[in-house]
Amino acid sequence: MTRLTRWLGLSILFILIGTGAIAQNRPAPPKTPRIYVFENGSIKGLDPGLFNFKREEIKEPDFVVVSYLIVHPRGTLMFDSGVIPDASFKADGAPVAEGRMSASKPLKPQLAAAGYKPSDVTYFALSHFHSDHTANANDFAGATWIAQKAERDAMFAEKPEGIIQPSHFGALKSAKTRLLDNEDFDVFGDGTVVVKSAPGHTPGHQVLFVKLAKTGPVLLAGDLYHYPEERTTGRVPTFEFNAEQSRASRQKIEAFIKTTGAQLWIEHDIATHAKLPKAPAYVE
Ligand SMILES: [Zn+2]
């Protein structure tokens, strides 16, 4: 090799690295879907009465707060975004507490440890608009937002009602949006990642079905339930947008679970998530 050809080769290599054609820190797409679980803190000291239970009827009254990144061969979907915005963390990274809510680590470094930035995320979906799910929603406004029309309308109402923090998600208003009208959406077109309408807790609450090759099918339940005891007693929280609708959604999703054999992951359930690996490890 002459000095000139070696120099040319190196120059081209550096140009490729510079444009990002070679230097990609994003992992190669997996052959089958994966779920990364992010730890976004906890909610403690809740009154089980809010959920129509006496303290002694509930095994574990506290909540865990998590969010999920689903990585599919054809793209990625972020589902929910935590309770404490990353911006609330100080430079020293100390845990943040806001009333009953607290978090010990921000979301984006966990996402980065898995190999992703918010700008790598293809789709973003919220189970619902309550503030313990929306904390970092603005970071994902560059993705295509998958939302039920009723939920979006409530989020951008003139006077939003309920447990809502509009500053968390204002940027979604101008995001590219796949608007659903009380319907399901097969995100990547192969039936392995499906957003399912499950209204009642809020006007456009939704859950997520993910078909994993090793683990089998999983249903990310959002707040269809909060406590596992809701599933066995049929009780619904006191603050549902529409309790009748919640019961109908539960019935529909339970039937779906029976048909598919899916595991149900209640998003706030400590026991469910204690058993799951956390990012950068994943479930596949
Ligand atoms: Zn919640």
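## Close-up views, starting with a loop asparagine

**View 1. Asn 182, an exposed loop residue.** Asn 182 has a relative accessibility of 53%, so it counts as exposed; the cut-off for that word is over 50%. Everything shown in these views comes from a predicted model. To find Asn 182, look in the loop that links strand 8 (177–180) to strand 9. Its backbone deserves a glance too: phi is positive, about 55°, although Asn 182 is not a glycine.

**View 2. Asn 52, another asparagine with a positive phi.** This residue belongs to the loop between strand 1 and strand 2. Phi of Asn 52 is near 65°, a positive value in a residue other than glycine. Is Asn 52 buried, partly exposed or exposed? Its relative accessibility is 37%, and because buried means under 20% and exposed means over 50%, Asn 52 is counted as partly exposed.

**View 3. The whole protein, to get your bearings.** Let us step back for a moment. The secondary structure amounts to 6 helices and 13 strands. Two domains are assigned: domain 1 covers residues 1–27, and domain 2 covers residues 31–274. Between the centres of domain 1 and domain 2 there are 42 Å, taken over C-alpha atoms. The C-alpha trace spans about 80 × 45 × 40 Å along its principal axes. The radius of gyration is 20 Å, which agrees with the value near 19 Å for a compact globule of 284 residues. Of those 284 residues, 50% are buried. Among contacts with a separation of 6 or more, 68% are between residues 24 or more positions apart. The accessible surface comes to about 13,500 Å², and carbon and sulfur atoms account for 55% of that surface.

**View 4. An open sheet of 8 strands.** Follow the strands across this sheet and you meet them in the order 4-5-1-2-3-6-7-8, with mixed pairing. Strand 4 (96–98) and strand 8 are the edge strands, each pairing on one side only. On average, neighbouring strands here are turned by 25° against each other, direction ignored.

**View 5. Strand 2 and its buried side chains.** Strand 2 takes in residues 63–72, and 10 of its 10 residues are buried. In a regular strand, side chains alternate between the two faces of the sheet. Which residues of strand 2 point one way, and which point the other way? Phe 63, Val 65, Ser 67, Leu 69 and Val 71 point one way, while Val 64, Val 66, Tyr 68, Ile 70 and His 72 point the other way. The residues on both sides are buried.

**View 6. Strand 2 with its partners, strand 1 and strand 3.** Strand 1 (residues 34–43) runs antiparallel to strand 2, and 8 bridges join them. One pair to look for is Arg 34 with its bridge partner Val 71 in strand 2. Strand 3 (residues 75–79) also pairs with strand 2 in the antiparallel sense, over 5 bridges. Strand 2 and strand 3 make a hairpin, with 2 residues between them. Across this pairing, His 72 stands opposite Gly 75, and Tyr 68 stands opposite Phe 79.

**View 7. An open sheet of 5 strands, with a helix packed on it.** The order of this sheet is 9-10-11-12-13, and its pairing is mixed. Why is one side of strand 9 (185–186) and of strand 13 (263–265) left without a neighbour in the sheet? Both stand at the edges and each has a single partner strand, so nothing in the sheet adjoins the remaining side. Strand 9 is joined to strand 10 (residues 193–197) by 2 bridges, and the two run antiparallel. Here Phe 185 stands opposite Val 195 in strand 10. Helix 5 (residues 243–260) packs on the sheet, where it touches strand 10, strand 11 (206–212), strand 12 (216–220) and strand 13. The direction of helix 5 makes about 170° with that of strand 12.

**View 8. A cis peptide bond after helix 6.** For a last stop, go to Pro 280, in the segment that follows helix 6 (270–274). The peptide bond that leads from Ala 279 to Pro 280 is cis, with omega near 10°.

Note on methods. Residues are numbered from 1 along each chain as its sequence is written. This is a predicted model: local features need pLDDT of at least 70, side-chain atom pairs count only at pLDDT 80 or more; totals for chains, interfaces and linings use all residues. Side-chain values use heavy atoms; hydrogens and water are left out. Domain bounds come from an automatic or database domain assignment. Buried means under 20% relative accessible area, exposed over 50%, partly exposed in between (1.4 Å probe, protein chains only). Helices (H or I, at least four residues) and strands (E, at least two) are DSSP runs, numbered from the N terminus. Two strands pair if DSSP finds at least two bridges between them. Contact means heavy atoms within 4.5 Å. Axes are lines fitted to C-alpha atoms, for helices over the stretch in contact, and angles run from 0 to 180 degrees between N-to-C directions. The radius of gyration is taken over C-alpha atoms; the globule rule is 2.2 Å times the number of residues to the power 0.38. Accessible areas come from the Shrake-Rupley method with a 1.4 Å probe; for residues, only the protein chains shown count as cover.
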